Amino acid sequence: MNYLEENSQDRNPKPDDEVVEDRELKNLLGEWSVPDITSSLDQRILTSYRRQFLHRPLWRRWLTGSISLPAPVAAAAALLLCATSYLAARKATTYTLETPPAIASVKIVEIPVPVVQQKIVTRVVYKKTGAQEAQKSPASISIPPRIDLADFRPVSEIKIIVSHGGNDEK
Amino acid sequence: MRNRMYLVLAALLLCSIQLQAQTLEKLAKEDQSPEQRVNGIVATFSSFVEGRATTEGVLRFYFTIEDKNEIGSFLINLSTGTFIGYTLVIERPEDPKKLKITIKPPPEDAGDSLREGIFGKLLELKWPNRPSYNPAPPASYPEPIMINLTDVIKIPLWVKAGTEWGVVGDQLRFAIDRPKPAREFTLDDVAIKLTSSRLIINGEVRSGEREMNDIEGPTPSFYVPGKGLFIMSIRPREGHNFQKIGVAEGNKISFNYGVDKYEWAGRDPVIASGGKWDIWVLLETSYQPSPDLAEAYKLLSKGNCCTFAIADPEYYKKPPPPKK
């Protein structure tokens, strides 16, 4: 059968023809008797349905399932999502702006610096004092805290520390 | 037999550079070479500190006992007057790149010898209130160890516990010593030796109640207050006004200077080969011993008037530098 021929303008039925065809169809339908449906058919269809849907794993049904949602509810949910996202983004931006200065201040302060400075000052004062003593008059000399060995005691056990290229071992 | 370490320490104190270094501090700073040589090895000493400590408060004295491959090390804590000593033994195993290092205590009688010597008297003068002038020996010493020639060893010697802890000790490096070339024998190699000597001036013993420490070298000397330093030599020295006025015979050197007669007598022959020999004498009137040394000699022998030393032989080997 040629498809183009069947759907061509020339092959379209006219209204009178349609009425005749409907009558013939009605007659034909009246003469057609539907066979009885056996009870096993229902059972087979139900079993097939259950096999397809009810016995599928929950995770699979969850992944492939769908829910129907009214359009206004969906629109409201979308608006709510946008609004909360915007607010969350604003808050997050503020937080990140505050955080870097906090980190920067820690780095600028650099806790070791005061310790190092303190050590340097202590040693410089100690070492320079000798030179100052020779130059200044006795009245201007202030005695600094001196590192001496007054509290040092001889070791109770002599140990040899061997250094192989800078690595010490006892 | 007298303690060898004591003898070496005494020699250190007596052999001062141009006779100027006569206090413990000067001796430690000027006369102590950080390089000590034994058994074909040069051991270079330096200080190390850890924690809150300084090396400035420690006086160091080193000396070698070559025939025993030993180096003695003494360290004095200037803040307390306590001192510690150890003996370093360097042995050379078959492997030329290895060294066997042993740290052992000073000889048992080192304390007595030091206390009875000029070294101990200088300590006594500097720290008069100390109950003891013996070295503080550590309770234990390590087992001998084998090291590579290129290794560096540290020996902690002074410690301070607590929050402001610190450690002070010796650090040593080692190297193969250059072999000494043979040289021509000279008269300076003939030592004038005065063992357990006494000084007699005009027939009177002036060195006090006990004998002086051993002195051995080419230019032994003694200082007499009001006169000066008399230096003796077996030969004249260019540029220095040595006069052939003395005689070494048997155990004694004797000479006359001005109206005074001086006799310096020991227990052994002054010249090892014996005999009777001319002695050249120089009087250095400008010399003055340090008050510490003069006082220490008085402590050493009650009634002693004088100090004894070996004048720097290198200085007297050549003419003195022109005065500016």
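In what order do the 9 strands of the open sheet with antiparallel pairing stand in chain B? The order is E12-E11-E18-E17-E16-E19-E15-E14-E20, and the strands form an open sheet with antiparallel pairing. At the edges stand strand E12 (204-205) and strand E20 (307-310) of chain B, and because each has a single partner strand, one side of each is left without a neighbour in the sheet. The model described here is a predicted one, and the report takes up the two chains, the sheets of chain B, the contact with chain A, a pair of helices and a few loop residues.

**The two chains**

Chain B holds 5 helices and 20 strands, while chain A has 6 helices and 3 strands. Read from its N terminus, chain A runs through its elements as α-α-α-α-α-α-β-β-β. Of the 324 residues in chain B, 37% are buried, whereas 4% of the 170 residues of chain A count as buried. Within chain B, if one takes the contacts with a separation of 6 or more, 65% of them are made by residues 24 or more positions apart.

**The sheets of chain B**

Inside the sheet of 9 strands, strand E15 (residues 228-233) of chain B pairs with strand E19 (residues 276-284) of chain B in the antiparallel sense over 5 bridges. In this part of chain B, Ile231(B) has Leu282(B) in E19(B) as its bridge partner.

An open sheet of 5 strands is also found in chain B, in the order E3-E4-E5-E6-E7 and with antiparallel pairing. Its edge strands are strand E3 (58-65) and strand E7 (145-148) of chain B, each of which pairs on one side only. From one strand to the next, the twist averages 25 degrees. Within this sheet, strand E4 (residues 70-77) of chain B and strand E5 (residues 83-91) of chain B are joined in the antiparallel sense over 7 bridges, and the bridge partner of Ile71(B) in E5(B) is Leu88(B).

**Where chain B meets chain A**

The contact between the chains brings together 34 residues of chain B and 18 residues of chain A. On the side of chain B that touches chain A, at least two residues each come from E5, strand E6 (98-104), E7, strand E8 (152-160) and strand E9 (166-176) of chain B. Which strand gives the most to this side of chain B? E8(B) does, with 9 residues. By residue type, the side of chain B that touches chain A divides into 21 nonpolar, 9 polar and 4 charged residues.

The two chains are also linked by strand pairing, since strand E2 (residues 161-164) of chain A and E8(B) pair in the antiparallel sense over 3 bridges. Here Val162(A) has Ile153(B) in E8(B) as its bridge partner.

**Two helices that pack together**

Helix H4 (residues 118-126) of chain B packs against helix H5 (residues 291-300) of chain B at an angle of about 110 degrees, and their axes are 9 Å apart. H4(B) and H5(B) are therefore roughly perpendicular to each other, and their crossing is right-handed. From H4(B), the residues Ile118(B), Lys121(B), Leu122(B), Glu124(B) and Leu125(B) meet residues of H5(B), among them Asp292(B), Tyr297(B) and Leu300(B). The residues of this contact of H4(B) with H5(B) divide into 7 nonpolar, no polar and 4 charged.

**Three loop residues**

Most residues other than glycine have a negative phi. Asn39(B), however, has a positive phi near 55 degrees, and this residue lies in the loop between strand E1 (35-38) and strand E2 (41-51) of chain B. Asn202(B) likewise has a positive phi near 55 degrees, and its place is in the loop between strand E11 (198-201) and E12 of chain B. Val259(B) is found in the loop between strand E17 (252-257) and strand E18 (260-265) of chain B. The C-alpha atoms of Val259(B) and Asn202(B) are separated by 9.0 Å, although the two residues are 57 residues apart along the chain.

The table gives the exposure of these residues.

| Residue | C-beta neighbours within 10 Å | Class |
|---|---|---|
| Asn39(B) | 18 C-beta atoms within 10 Å | partly exposed |
| Asn202(B) | 10 C-beta atoms within 10 Å | exposed |
| Val259(B) | 6 C-beta atoms within 10 Å | exposed |

Asn202(B) counts as exposed because its 10 C-beta neighbours inside 10 Å fall under the rule of 12 or fewer.

Conventions: Residues are numbered from 1 along each chain as its sequence is written. Chains are lettered from A and ligands numbered from 1 in the order in which they are written. This is a predicted model: local features need pLDDT of at least 70, side-chain atom pairs count only at pLDDT 80 or more; totals for chains, interfaces and linings use all residues. Two strands pair if DSSP finds at least two bridges between them. Helices (H or I, at least four residues) and strands (E, at least two) are DSSP runs, numbered from the N terminus. Axes are lines fitted to C-alpha atoms, for helices over the stretch in contact, and angles run from 0 to 180 degrees between N-to-C directions. A residue is buried if 20 or more other C-beta atoms lie within 10 Å of its own, exposed if 12 or fewer, and partly exposed in between; C-beta atoms are placed from the backbone. Two residues are in contact if their C-beta atoms, placed from the backbone, lie within 7 Å. Ala, Val, Leu, Ile, Met, Phe, Trp, Tyr, Cys and Pro count as nonpolar, Asp, Glu, Lys and Arg as charged, and the others, Gly among them, as polar. Angles under 35 degrees count as roughly parallel, over 145 as roughly antiparallel, 65 to 115 as roughly perpendicular and the rest as oblique. A crossing is left-handed if the near helix is turned anticlockwise from the far one by less than a right angle, and right-handed if clockwise.
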